[in-house]
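Let's take a quick tour of a protein and the molecule it holds. Have the structure open while you read, and find each spot as it comes up.

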Amino acid sequence: MTDPTPAELAAAAEEYLAAHYPKAGNRGPTRFDWGVGSDEVRVFQEPDPADEAEAMPAVRAWRQGLWDAGFGWLTGPTAYGGAGLSGEHQREFEKVTRRYQVPGDSMLTISLGMIAPTLLNWGTEEQKTEWLPKLYSAEQVACQLFSEPGAGSDLASIATKAVRDGDNWRITGAKVWTSGAHLADVGELICRTAAEPRHGNLTAFLLDMHAPGVLVRPLRQMTGGAAFNEVFFDDVVVPDSRRIGGEGEGWKVALTTLAHERNAMGHSAFGGVGILSTQRLVGVIRAAGKQDDPVVRAEFGELISRLRAARYTNEVIAAQTRAGTAPGPEVALNKVALADNMRRVGEFVADVLGEAAVADTGEWGTFAWTSLMLGAPGYRLGGGTDEVLRNSVAQRVLGLPRPT
Amino acid sequence: MSTGLVSAEHERDLAATLRGLCADQVDSAALRSCVESSAGYPAGLWKAVAQDIGLCGLTVPESLGGLGLGMLEVNTVHVELGRALFPAPFLGTSLATTALLAGGDVAAAERWLPAIAAGECVATVATGTGVTADAAGRLTGRVQFVPYAHAADLLLVPAGESMFAVQAGAGVTVTQMAGLDLTRRLCSVEFADAACVPVGDAAVVDAAVGAHLRLALAAEAAGGLEWCLDTIVEYAKTREQFGRVIGSFQAVAHQCVQLYSELRTVSAAARWAAHAAASGDAEAELAGYVAALRAGDGYRAQTEATVHLLGGIGFTWEHDVHFYYRRARSALALSGGLTHLRQAVATAAGLPT
Ligand SMILES: Cc1cc2nc3c(=O)[nH]c(=O)nc-3n(C[C@H](O)[C@H](O)[C@H](O)COP(=O)(O)OP(=O)(O)OC[C@H]3O[C@@H](n4cnc5c(N)ncnc54)[C@H](O)[C@@H]3O)c2cc1C
């Protein structure tokens, strides 16, 4: 059987989606009408737990349906259930999905964007055959168990311990700020498995989050929501078959995940009609009646130039990647720029709205911006802080020496 | 949006040719002798570029003897010229090509473009107002800030509703202005009853010339920032203070990363804008202003950062960095300045007035 062309794939996807989901209506993904629909501008998805519990089955059903119909992992190797198609097919498919009201993958970013690619890089044949279909069909959802209270930026200094016990490992310790741990079935866990040397003493596992001894407790964030958690391990047993990579190779496994994370976080999933939307910002200015204020116009121009330039940069990098130049550690700068732009949007909007940004008048699209202002600082932390990412670029891209 | 965002093979060849030529002929010593010369550029270098490589025919249609290329190649060329601070009348000549093509006057295009393409006619464009045309079709008045007018055989000047072509000679007096940018000469041109011919609608030509200028200056900024990054990273790896190389100080390393980050953004924005212009993208105008603003702001800030990171030597005449700092400041003013560019982005992004 020959592969479908991108156009044939798009047609098949259209047929599948039309049979299962309502059309997105005539307001396409690129149109935005001030005052219509939700005015949410959240940086992090943090629905209340009841809504979230309700949303999750729909997300799983969406992925399972895609998987069964052959659209679940378009670019994946056929050996592990993927369709073996190109990035072009993937983009065509995404174009079609935007025309339908589908649950989407936003709750699965870590699972699909970070953990699954890490397994593809590091997993054994058995692990890949077993886990990749489970992750892409959302039968299992994964989280990233890296940070600890004493080890955030300095990830190599983690203290959570895994000790060999025959064919098993016994794990004791604590992780913190774990996004989506409360929704996850498995987690990529980095543990210390030997005393020294640094970077060579860590090992990665795929931990069952439902195993005895795992305790997940929500952490309330400064936004008010609870999208991340603390996770405790009290003598949790993990079979050695769930080890990812070799003993002592945990640091390299973690770096793979971090590279995927920094790449994924730098893409402006917030563009389109989302929180960085030009039309939404025009809407704010008009709602405040400030479109003729030359200072507001100039500041808006400055902001838009930064948002567009970041988008153009992503597009040029994507084109270079398609032409065969894989991006290196410098893609972390896309995330730094995105976080900076979120901060700038918050500052601009606060200035335009004045009091309406700090107390709710009930007007659409005004007080809602507080969730962006509150969420933006988190984006500078998650996935590596600005400082740590700059260190990485200084050393690994520019070749500057480490601070001594 | 795939082809065009990455440079094609012929562009990489062109870039390599120009880079090689500049490395040979526009080194620090050559740059300095240009700065001190009255012409501002060496005739031999100009001949090599204009006649041997045929650079002035870059955007001239093939039917008129040019290479028939477009804004993507303009981007590639100006990155290299900007990197070397190439001190010659290329920018004005290529703006004049755009002006003659945008004006749509076939006779004018056929009269001058073949000579421009052959490197036999140096041209330039004035954008300021101050010149009037009388009923007999003669120009009077003064325009300033005209690049390399002292070297030009042909000047394009707006007066009233029209753009006019004027040949150097009777009734045209050119004076070089003392300029901040020592590697790009600006002139004041006085017209006294100068003979001229109309070549198109001034507003139309001006819009096309402005768009071309913004893309060229943004590309030059990308090239200049490459020079700054190479210079500062090398220095940060070798200059020692407190018993260690300064690049190991995080405050210094992070400023180097900031420079690198701005270089990435400026090059991508310049390339994207060139691509949008070449493909007639609906966002082309916005992208051109975005590129000009990010390039103008980033180049100015990062040449200053480079001076700073070089320490005292960076503040000497002897180091080349001040030529880049001068170029950055001057280019930002030529593209309209920060406030103007910000307002233009706002309008182009759809903020109604
Ligand atoms: C919203 C959110 C979601 C997250 N999700 C996850 C998750 O799913 N899984 C997970 O494992 N972790 C997650 N994290 C944790 C995140 O990765 C860490 O918070 C982050 O790496 C910083 O570590 P830290 O909090 O310990 O701060 P620290 O490392 O203590 O840093 C404190 C300050 O010191 C600075 N600093 C530290 N080291 C250096 C240095 N070498 N040079 C200069 N400055 C330095 C930092 O930049 C920062 O400003 C999440 C965090 C947030 C905010």
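An oxygen atom of the ligand is 2.5 Å from an N or O atom in the side chain of S153(A). This is a predicted model, so treat what follows as a reading of a prediction. It scores ipTM 0.96 and pTM 0.95.

**Contacts with the ligand**

- T385(A) joins in too: one of its polar side-chain atoms is 2.7 Å from an oxygen atom of the ligand.
- W177(A) uses its backbone instead, with a polar backbone atom 2.9 Å from a nitrogen atom of the ligand.
- How much of the ligand's accessible area does the protein cover? On its own the ligand has 970 Å² of it, and the protein covers 69% of that.

**Who surrounds the ligand**

- Look between chains A and B, since that's where the ligand lies.
- Count the neighbours and you get 18 residues around the ligand, with S147(A), S153(A), W177(A), S179(A) and T385(A) the closest.
- In chain A, the elements that each give two or more residues to this shell are β3 (168–179), α10 (370–381) and α11 (386–396).
- Which element gives the most? That's β3(A), with three residues.
- Sort the shell by class and you find 12 polar residues, five nonpolar ones and one charged one.

**The second largest pocket**

- Now for some empty space: the second largest pocket has a volume of about 820 Å³.
- Its lining is made of 30 residues, and V316(A), Q320(A), S7(B), E226(B) and S267(B) lie nearest its centre.
- Chain A brings α8 (294–322) to this lining, while chain B brings α1 (9–25), α4 (71–84), α7 (202–238) and α8 (250–279), each with two or more residues.
- The largest share comes from α8(B), which gives six residues.
- By class, the lining of this pocket has 13 nonpolar, nine polar and eight charged residues.

**Closed cavities**

- How do you spot empty space inside a protein? Rolling a probe the size of a water molecule over the atoms shows where such space is left.
- Here the count comes to four cavities of 30 Å³ or more.
- The largest cavity holds about 60 Å³ of space.
- Chain B lines this cavity, with residues including R214(B), L217(B), A292(B), Y299(B) and S335(B).
- At least two lining residues each come from α7, α9 (284–310) and α10 (321–334) of chain B.
- What classes do the residues lining the largest cavity divide into? They are nine nonpolar, two polar and one charged.

**How confident is the prediction?**

- Chain B has an average pLDDT of 96, and 99% of the residues score at least 70.
- As a reading tip, predicted coordinates should not be read in detail where pLDDT is low.

Methods
Residues numbered from 1 in each chain as written. Chains lettered and ligands numbered in written order. Predicted model: local features only at pLDDT ≥ 70, side-chain atom pairs only at ≥ 80, totals over all residues. Heavy atoms only, no water. Near = heavy atom within 4 Å. Polar contact = N/O pair within 3.5 Å; in protein donor to acceptor, adjacent residues only side chain to side chain. Areas by Shrake-Rupley, 256 points an atom, 1.4 Å probe, with all protein chains shown as cover. Helix = DSSP H or I, 4+ residues; strand = E, 2+ residues; numbered from the N terminus. Nonpolar A, V, L, I, M, F, W, Y, C, P; charged D, E, K, R; others polar. 1 Å grid on protein atoms, 1.4 Å probe; cavity = no way out; pocket = protein on both sides within 12 Å on 5 of 7 lines; lining within 4 Å. Points joined across faces, edges and corners; volume = space filled by probe spheres on them. pLDDT = per-residue confidence, 0-100.
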